Amino acid sequence: MAKSITIFSFADQTLQARTLAHLLSTHYSPVEIHRFPDQECSVRIKAADVTNTCIVVHSLYHPDSVSIPLLFLSETLRDHGAERIILVAPYLAYMRQDKRFNEGEGVTAKYYSRLISQYFDGLITVDPHLHRIHSLEEVYSIPAYVIHAAPVVADWIRDNIEKPLLIGPDSESEQWVRDLAERINIPFVILEKVRRGDRDVEVSVPDIERWQDNKPVLFDDIISTGRTMIQTIHILKDSGLAAPVCIGVHGVFSDTAYADLSTAGAERIITTNSITHKSNAIDLTQSIALMIQGLPVMQDS
Ligand code: R5P
């Protein structure tokens, strides 16, 4: 890459940030974080590495503990002369509380996006959970660029699964599932889901029995408690279908979700590396590098 940019990350995102720097033929600079005994933190950069445009790689998994260090990193970079700071957050947190579900609740999708917009000049993310918010521009006041995992997920399914039947667990998933299925010309069905609580989900499957000869592939943007997929697996089993492969773009896996999903009968559990996890089998780094290369800001930094 001709333009001078530096990629920064904290230690836990080193692998993806370094690979990205390598793909972009640019410099990677690690950021240190120090926790004081009272749990406050400070961040430390290599001052000489600061360029006009800085890219910070940080997936927003467990956002409550990472957000303060991230905002401090942005301020520290600016104090050292950075003019533009782009956040690459392959997993974007706080997109699901996108309305007031109960009286007196806050709409955290709005509040969190306002916070990030104050500290960064641009955002790159992968398949954010857009439902009642239709595009990131509705809540982010900075340019926000979305990468779709569908092309790399489609490649993975084509290369690894024979005779797949793609299954989306709810109407929200139709946007991703339809796109995915059309890319590799495979059949798909969309289920109906009712969520009664964080861990209480009911899924129904219209006319699934006719797909006995296909390999079920469950696909969702997020696997969190795993309940959505677990309920779906039970229905597939009851209908006599084969054990499914479960694919999530973002493997959040709260508590014992990963183990629960295996126990429920998932044959394989596959995720992208938007959140580092042992289920990562689909790499997004090349797609992120291409997105960065195409940014208008890269043409004049
Ligand atoms: C929700 O609307 C998302 O698309 C996912 O279906 C949901 O986040 C999955 O959550 P869980 O794994 O907790 O059922």
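Student: Which residues does Thr125 touch, not counting residues up to four places away in sequence?

Tutor: In this predicted model, Thr125 touches Ala89, Pro90, Tyr91, Leu92, Leu136, Tyr145, Val146 and Ile147. Thr125 itself sits in strand β6, residues 122-126.

Student: Why is Thr125 called buried?

Tutor: Its relative accessible area is 0%. Buried means under 20%, so Thr125 counts as buried.

Student: What makes the approach of the Thr125 side chain to the backbone oxygen of Ala89 a polar contact?

Tutor: The cut-off for a pair of N or O atoms is 3.5 Å. The side chain of Thr125 reaches the backbone oxygen of Ala89 at 2.6 Å, and that of Pro90 at 3.4 Å. Both values are within 3.5 Å, so both count as polar contacts.

Student: And how far from Thr125 is Asp213, in sequence and in space?

Tutor: They are 88 residues apart in sequence, and their C-alpha atoms are 36 Å apart.

Student: Let's turn to the sheet of seven strands. What is its strand order?

Tutor: The order is β3-β2-β1-β4-β5-β6-β7, in an open sheet with mixed pairing.

Student: Why are β3 and β7 said to stand at the edges?

Tutor: β3 (41-44) and β7 (144-147) each have a single partner strand, so one side of each has no neighbour in the sheet. Neighbouring strands here are turned by 20° against each other on average, direction ignored.

Student: How do you know that β1 and β2 pair?

Tutor: Pairing asks for at least two bridges. Strand β1 (residues 5-10) and strand β2 (residues 27-35) have five, in the parallel sense, so they qualify as a pair. One of the residues involved is Ser9 of β1, whose bridge partner in β2 is Pro30.

Student: What makes Ser9 buried?

Tutor: The relative accessible area of Ser9 is 1%, and the limit for buried is under 20%, so the label fits. Leaving aside neighbours within four places in sequence, Ser9 is in contact with Thr14, Ala17, Tyr28, Ser29, Pro30, Val31 and Val57.

Student: Why is the link between the side chains of Ser9 and Tyr28 called a polar contact?

Tutor: The two side chains meet at 2.9 Å, and the cut-off is 3.5 Å, so the pair is counted.

Student: Which helices lie across this sheet's strands?

Tutor: Helix α1 (residues 14-23) lies across β1, β2 and β4, running at about 170° to β1. Helix α2 (residues 63-79) lies across β1, β2, β3, β4 and β5, at about 45° to β3.

Student: What is the order of the sheet of six strands?

Tutor: That open sheet runs β9-β8-β12-β13-β14-β15, with parallel pairing. β9 (188-190) and β15 (280-282) each have a single partner strand, so these two stand at the edges. The twist averages 35° from one strand to the next.

Student: How do you know that β12 and β13 pair?

Tutor: Six bridges join β12 (residues 215-223) to β13 (residues 245-251), and at least two are needed, so the two strands count as paired. Ile222 stands opposite His250 in β13. Helix α6 (residues 227-238) lies across β8, β12 and β13, at about 165° to β12.

Student: Which residues have the most contacts inside the largest nonpolar core?

Tutor: They are Ile7, Ile157, Leu166, Phe219, Ile247 and Ile292, in a core of 43 residues. Apart from it lies another core, of 38 residues, among them Val31, Cys54, Val56 and Ala93.

Student: What makes Tyr94 partly exposed, rather than buried or exposed?

Tutor: Tyr94 has 31% relative accessibility. Buried is under 20% and exposed over 50%, so Tyr94 falls in between. Tyr94 lies in the loop between β5 and α3, and its phi is near 60°, a positive value in a residue other than glycine.

Student: Why single out a positive phi?

Tutor: Because most residues other than glycine have a negative phi. Lys163, in the loop between α4 and β8, also has a positive phi, near 50°.

Student: Finally, which residues come nearest to the ligand?

Tutor: Of the 15 residues around the ligand, Glu172, Asp220, Asp221, Thr225 and Thr228 come nearest. A polar side-chain atom of Asp221 lies 2.7 Å from a ligand oxygen, and a backbone N or O atom of Ser224 lies 2.8 Å from one. For the side chain of Arg96, the distance from an N or O atom to a ligand oxygen is 3.1 Å.

Key
Residues numbered from 1 in each chain as written. Predicted model: local features only at pLDDT ≥ 70, side-chain atom pairs only at ≥ 80, totals over all residues. Heavy atoms only, no water. Helix = DSSP H or I, 4+ residues; strand = E, 2+ residues; numbered from the N terminus. Axes fitted to C-alpha atoms, helices over the stretch in contact; angles between N-to-C directions. Contact = heavy atoms within 4.5 Å. Buried < 20%, exposed > 50% of the residue type's maximum accessible area, 1.4 Å probe, protein only. Polar contact = N/O pair within 3.5 Å; in protein donor to acceptor, adjacent residues only side chain to side chain. Core = buried A, V, L, I, M, F, W, Y, C linked by side-chain atoms within 4.5 Å. Near = heavy atom within 4 Å.
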